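Please have the structure open in a viewer with residue selection ready. The stops below say what to select next and what is there.

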Amino acid sequence: MSVDTDVPRPAPLVVMRGHAGPIITILAVLTFWSLLTAFMLTRNDLVAFAIPVAALVAGEGCRRFAKPVYAGVTRALAANSGLALGLSILGLLVLPSALVSNVYWVHVLTIVFIYAIAAQGLNVHLGEIGAINVGYGGFFAIGAYVSAIATADYGAPFFMSLIYASSACWLTGLLIGACTIKTTGDYLSLVTLGFGLIVYQLAVNLTWLTHGTDGIHLPPVNILGHSFKTGIDIGYIHLPKEANAYYLALGVLGLCTLVCYRMTNSWIGRTWAAMRQDPLGAGCFGINVPLLRVLSFGFGSLFAGVAGALYANEIGFIEPGEFTVLLSITLICMVILGGMGNWWGIICGAFIMIALPEKLRQFQELRYLLYGVALLAILIYRPTGLFANPKRRFEKLLG
Amino acid sequence: MLLEDVLQQLVNGLTLAAIYALIAVGVSLFFGVIGVVNMAHGDVAAFGAFAAIAAYNVAAPQLGAPGAALVAIVFGIAAAGVLGVGLYRFAFQPLGEGPAVIGLLAAIAAGFIIREAIFNFFPSGRNPQPFPQMVPNNVFELAGIFVLLKQLIVLVTAVLLVVMLAILIQRTRFGRAIRSLANNKEVTLTLGVPVDRTLAATFLIGGSLAGIAGILNGLYYGIVQFDMGVLLTVKGFVAAVIGGLGNIYGALIGALIVGLLEAATSGIIPKGNAYKDVVVFGALIFILLLRPEGILRAARGKKV
């Protein structure tokens with residue numbers, strides 16, 4: 001890691017007196033949430049699409065032409081990050097009651113959370129230990145299938161199937177990690193790509209286990225006697241039945257993000273950073289690089305199991321066609337787009353990759369073409385993602 | 001199992017290997033010069049095949065079958081070559097000296113765009129398209145083994161092209177520039193080699209080879225599909241990696257291994273056709289476990 005002498009100088013300091021910081025933070029978060037809700041509730045797709053585009057243009061415009069404003073807002077947010085986080089969590093908790101008129105979006109957000117869980121795990125591979133994993137969808141598929149087979153064919157309760165799925169993914173991750181101790185860079189990307197394809201082929205062909213292309217129907221989820229087919233009624237609050245899975249996914253996402261965040265900021269995270277930037281140097285300082293690499297690979301894969309199990313139970317039906325290479329690539333895009341090593345950026349990345357296309361439905365046919373063009377444009381103009389981790393400004397990303 | 005079965009599968013495997021080799025050589029060549037795995041390479045091949053179909057359909061009424069076939073082949077190869085250069089200009093060149101994963105993703109995105117463009121803009125491109133019958137369906141029998149004329153054409157073309165490429169790289173000024181680029185870009189620049197032009201030319205050659213592979217693939221199977229590039233990329237990539245990325249001779253060995261393994265699994269193991277990709281990738285993981293840098297990558301000391 002070298003210190004560059006051409007570091008851009010910090011923007012001119014905006015002196016904030018009294019309560020300016022917290023007030024700006026509250027206003028910024030409120031604006032964000034109202035825009036988000038407006039985006040989801042608007043029935044007109046073009047209007048809905050104009051919202052994020054306008055927000056992006058306004059943000060970039062401020063960054064370029066109104067530096068003090070941009071610096072002031074970002075500084076206020078950075079100084080009051082706890083407040084912003086608390087308000088955001090509060091926003092997520094009350095969001096289902098705001099979306100009662102458009103329940104479909106509660107379901108979409110649930111899917112966003114589930115993908116975000118997987119993206120957090122993939123970030124451990126891609127962003128933390130620097131393993132280019134192009135087969136994360138394979139782990140996701142294993143999680144979904146283990147959970148589906150356990151609940152549908154063997155009648156396991158939901159939480160047990162969650163544990164089975166994550167253990168299965170953890171063990172597979174350890175196995176793949178152990179097989180690829182010496183394999184790095186592009187070679188690793190191919191091995192993982194192959195792993196994803198193998199899982200897909202097995203899901204299609206092992207009909208006695210996975211029912212092949214017929215797929216598996218899952219029984220409805222039931223937690224502690226509360227069936228997910230009934231809505232939530234607490235006092236005066238009545239929420240639709242989609243809110244059950246929403247809160248479950250939100251809770252699990254919060255837990256997984258917390259675990260990843262704590263890991264990254266512990267001695268293990270420091271070791272990851274050392275390993276990622278210079279494996280040889282890390283070894284010289286007494287870090288057992290191969291062992292830690294295998295363990296971390298397993299740790300990252302575990303989240304795919306959690307996400308896969310939640311996904312299978314939320315959709316209620318799985319078949320191999322959902323777990324192609326496209327899934328792995330979508331997950332990678334979430335991590336890259338959001339910004340590697342940035343836990344909240346990744347959640348935003350998941351939202352962009354899952355929720356934006358929902359509003360692109362009128363371009364049904366051209367959707368994937370636009371997808372590819374947008375991805376290429378982002379890679380060219382913003383290769384560190386929309387929300388780059390500032391701590392990594394000096395780091396060569398990978399390889 | 002009879003000896004004839006084995007030999008028959010050997011012929012089929014060699015044909016597959018020939019097609020994969022043309023892709024793998026391109027993947028390896030690009031990796032050598034820009035250090036990026038071009039995941040859109042198979043899609044360039046598919047594009048070449050579709051361009052050839054379009055040209056054939058346009059030219060057939062005026063020129064008759066043989067003339068149209070010639071036009072189609074030339075147009076398909078040219079279209080793929082131009083697309084290769086376009087890929088370099090619009091996907092890889094703007095990235096600059098970015099990290100490897102960004103290049104990989106850019107290639108994936110570019111492949112996506114090509115595939116979806118065929119899907120949306122080729123007339124009924126979402127359905128499998130019949131590839132025009134450019135070669136008669138002659139079959140030769142040799143001691144109980146059946147060899148199709150198509151297979152012979154595929155094999156001979158591939159061998160000729162690979163030999164030509166080897167001569168180009170080893171014996172010409174341009175080839176020396178490519179090898180020098182693969183070794184060290186900065187030094188190559190200081191030596192006065194027009195790096196940008198050389199890279200564009202490399203992509204032209206690699207793209208054309210992919211186009212030929214796509215056309216041969218169409219010729220052999222008689223049918224092409226908009227997403228056939230995915231499997232071609234993956235197989236070519238596997239072959240290049242087994243041999244050692246950046247080494248075109250390694251790519252040939254890799255293609256041979258992949259083609260023969262595939263033919264053996266689908267032809268000799270009962271119900272093996274469904275598991276051929278599983279076997280190929282299993283072999284890949286096994287080979288990389290023994291030789292992490294591929295078969296023909298010399299063990300070099302690590303730069304510290």
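Select Phe139(A) and Phe195(A): both are buried in this predicted model. Their ring centres are 4.7 Å apart and the planes meet at 40°, so the pair counts as tilted. Now colour by helix: Phe139(A) belongs to helix α6 of chain A and Phe195(A) to helix α8 of chain A. With their positions 56 residues apart, the two rings link distant parts of the chain.

Next, go to Phe299(A) and Phe303(A). This aromatic pair is edge-to-face, with 5.2 Å from centre to centre and 90° between the planes. Both residues sit in helix α13 of chain A; they are 4 residues apart, so about one helical turn separates them. Are they buried or exposed? Phe299(A) has a relative accessible area of 15%, and Phe303(A) has 3%; each counts as buried because the value is under 20%.

For a group of rings, select Tyr115(A), Phe140(A), Tyr145(A), Tyr311(A) and Phe323(A), which form one aromatic cluster. Over all chains, the count of aromatic pairs is 23.

Keep Phe323(A) selected, since this residue is also in the lining of the second largest cavity. Add the other lining residues: Val134(A), Gly135(A), Gly137(A), Gly138(A), Leu193(A), Gly196(A), Leu197(A), Tyr200(A), Thr324(A), Val325(A) and Ser328(A). The space inside is about 50 Å³. Three helices of chain A each supply at least two of the lining residues: α6 (136–153), α8 (185–205) and α14 (325–338). Of these, α8(A) gives the largest share, 4 residues. By class, the lining has 6 nonpolar and 6 polar residues, and no charged ones.

How many cavities of 30 Å³ or more are there? The count is 3. To see the largest, select Thr110(A), Ile114(A), Phe158(A), Val221(A), Phe228(A), Ala245(A), Leu248(A), Ala249(A), Leu310(A), Asn313(A) and Glu314(A), which line it. Two or more of these lining residues come from each of α5 (104–128), α10 (242–264) and α13 (289–315) of chain A. The largest cavity holds about 70 Å³ of space. Its lining divides into 8 nonpolar residues, 2 polar and 1 charged.

Leave Leu310(A) highlighted. Besides lining the largest cavity, Leu310(A) is among the residues with the most contacts inside the largest nonpolar core, which has 206 residues. The others with the most contacts are Ile117(A), Ile336(A), Leu22(B), Phe131(B), Val238(B) and Leu284(B). Select helix α2 (residues 41–92) of chain B as well, which provides the largest share of this core, 20 residues.

Zoom in on Ile336(A). Which residues is Ile336(A) in contact with, leaving aside neighbours within four places in sequence? In chain A they are Leu126(A), Leu379(A), Pro383(A), Thr384(A) and Gly385(A). In chain B they are Val101(B), Ile102(B) and Leu105(B).

The last stop is Ala91(B), placed in helix α2 of chain B. Its relative accessibility is 2%, so Ala91(B) counts as buried. Not counting residues up to four places away in sequence, Ala91(B) touches Leu376(A), Gly86(B), Ala106(B) and Ala110(B). Finally, draw a distance from the C-alpha atom of Ala91(B) to that of Ala143(B): the separation is 51 Å, for residues 52 apart along the chain.

How values were computed. Residues numbered from 1 in each chain as written. Chains lettered and ligands numbered in written order. Predicted model: local features only at pLDDT ≥ 70, side-chain atom pairs only at ≥ 80, totals over all residues. Heavy atoms only, no water. 1 Å grid on protein atoms, 1.4 Å probe; cavity = no way out; pocket = protein on both sides within 12 Å on 5 of 7 lines; lining within 4 Å. Points joined across faces, edges and corners; volume = space filled by probe spheres on them. Nonpolar A, V, L, I, M, F, W, Y, C, P; charged D, E, K, R; others polar. Phe/Tyr/Trp six-rings, centres within 6.5 Å; stacked < 30°, edge-to-face > 60°. Buried < 20%, exposed > 50% of the residue type's maximum accessible area, 1.4 Å probe, protein only. Core = buried A, V, L, I, M, F, W, Y, C linked by side-chain atoms within 4.5 Å. Contact = heavy atoms within 4.5 Å.
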